[in-house]
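Here are some notes on the model for your reading, set out as numbered points. Please keep the structure open beside them.

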Amino acid sequence: MIIAFGIWTIAAFVFAGIGISAGKSKKPVGFFTTVEPPKVTDVKKYNHAVSLLWIVVALIFEAMGFPFLFLKQNSPFVFLIVFGVVALVIGMMIAYLRIEEKYAEKKLITNDDGIGEDGLIRLGQVLFPKPLGINQIWNMNFPGCPLTECKGLLRARKDGNVIIPSPEWKSSVMHVPSVDAQ
């Protein structure tokens, strides 16, 4: 089983190498195969976070391989290691999606998306595509300027989040997921 541990260690070094390469990259690094890297607000911080993710996964992966040094050939314990790797990969994907959400550029909804007095219904359909639930309130605010002067809205990726206004856009949108009936 020493050969198995050697192969395992090579795989861990490959993961660490991907992490080091990601940390040195000047462009946003990809994560999923055949998927373009996201447009991010801070390339250096995004790449550092992805790099750290790969290196931490490499260390955990290597630690998970240590039992190979003590197992006998065809040990059923190998299945536990395999299931651990599956859990590690799922955890890695979840961690990456959180990194992507943190650093990805927010989508800008512009006048072409229906902002203006004649386009409020279309804008509502873009921002709030789901029907209202029981005890749910959706609110859209345009403080400090006439609607016709609104240049756009910053839209978050995740439903249920407050969409943070940008002062230069003079607009905000807030989605309140639910309000308890009194």
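1. Helix α3 is a good place to begin, in what is a predicted model. With 27 residues at 1.5 Å a residue, α3 should span 39 Å, and because its end C-alpha atoms are 39 Å apart, the expected and the computed span agree. The buried residues of this helix are Ile81, Val85, Leu88, Met92, Tyr96, Ile99, Glu100 and Tyr103, and what covers them includes α1 and α2. As general background, an α-helix has 3.6 residues a turn, so residues three or four places apart point the same way.

2. Helix α3 also takes part in the surface, through Val89, which lies in this helix. Val89 has a relative accessibility of 41%, and because buried would require under 20% and exposed over 50%, the residue counts as partly exposed. Val89 belongs to a nonpolar surface patch of about 710 Å², made by Phe32, Val35, Val82, Val86, Val89, Ile90, Met93, Ile94 and Leu97.

3. Helix α1 can be checked in the manner used for α3. Its 23 residues reach 33 Å from the first C-alpha to the last, which is close to the 33 Å expected at 1.5 Å a residue. Within α1, the residues Phe5, Trp8, Thr9, Ala12, Ala16, Gly19 and Ala22 are buried, and the buried residues of this helix pack against α2 and α3.

4. Which elements supply the largest nonpolar core? This core has 24 residues, and the members that touch the most others are Trp8, Tyr46, Val50, Leu53 and Ile99. The elements giving two or more residues to the core are α1 (2-24), α2 (43-65) and α3 (77-103), and α2 gives the most, with eight residues. As a general remark, nonpolar side chains in soluble globular proteins tend to be buried together.

5. Val50 deserves a separate look, being one of the core residues that touch the most other members. Once its neighbours within four places in sequence are left aside, Val50 is in contact with Ala22, Val29, Tyr96 and Ile99. Of these partners, Ala22 is among the buried residues of α1, while Tyr96 and Ile99 are among the buried residues of α3.

6. Is Ile20, by its relative accessible area, buried or partly exposed? This residue, placed in helix α1, has a relative accessible area of 46%, and therefore counts as partly exposed. Leaving aside neighbours within four places in sequence, Ile20 is in contact with Ser51 and Ile55. Ile20 and His48 are 28 residues apart in sequence, with a C-alpha to C-alpha distance of 9.1 Å.

7. The loop between α1 and α2 contains both Gly30 and Lys27. Gly30 counts as partly exposed, at 39% relative accessibility, whereas Lys27 is exposed, with a relative accessible area of 61%. From C-alpha to C-alpha, Gly30 and Val50 are 9.0 Å apart in space and 20 residues apart in sequence; for Lys27 and Tyr46, the corresponding values are 9.8 Å and 19 residues. Not counting residues up to four places away in sequence, Lys27 touches Val43 and Asn47, so an exposed label, which rests on a relative accessible area of over 50%, is found here together with contacts to other residues.

8. The loop between α2 and α3 holds Lys72, which counts as exposed at 69% relative accessibility. Lys72 and Ile2 are 70 residues apart in sequence, and their C-alpha atoms are 9.9 Å apart in space.

9. Some totals for the whole protein may help to place these local points. The secondary structure comes to four helices and five strands, which follow the pattern α-α-α-β-α-β-β-β-β when read along the sequence. Of the 182 residues, 32% are buried, and the accessible surface comes to about 12,200 Å², with 65% of that area belonging to carbon and sulfur atoms. Among contacts with a separation of 6 or more, 64% are accounted for by residues 24 or more positions apart.

Methods. Residues are numbered from 1 along each chain as its sequence is written. This is a predicted model: local features need pLDDT of at least 70, side-chain atom pairs count only at pLDDT 80 or more; totals for chains, interfaces and linings use all residues. Side-chain values use heavy atoms; hydrogens and water are left out. Buried means under 20% relative accessible area, exposed over 50%, partly exposed in between (1.4 Å probe, protein chains only). Contact means heavy atoms within 4.5 Å. Accessible areas come from the Shrake-Rupley method with a 1.4 Å probe; for residues, only the protein chains shown count as cover. A nonpolar core is a set of buried Ala, Val, Leu, Ile, Met, Phe, Trp, Tyr and Cys residues joined through side-chain atoms within 4.5 Å. The expected span of a helix is 1.5 Å times one less than its number of residues. Patches are made of residues with over 30% relative accessible area and no salt bridge: like charges are joined within 9 Å, nonpolar side chains (Val, Leu, Ile, Met, Phe, Trp, Tyr) within 5 Å. A salt bridge is a side-chain nitrogen of Lys or Arg within 4 Å of a carboxyl oxygen of Asp or Glu.
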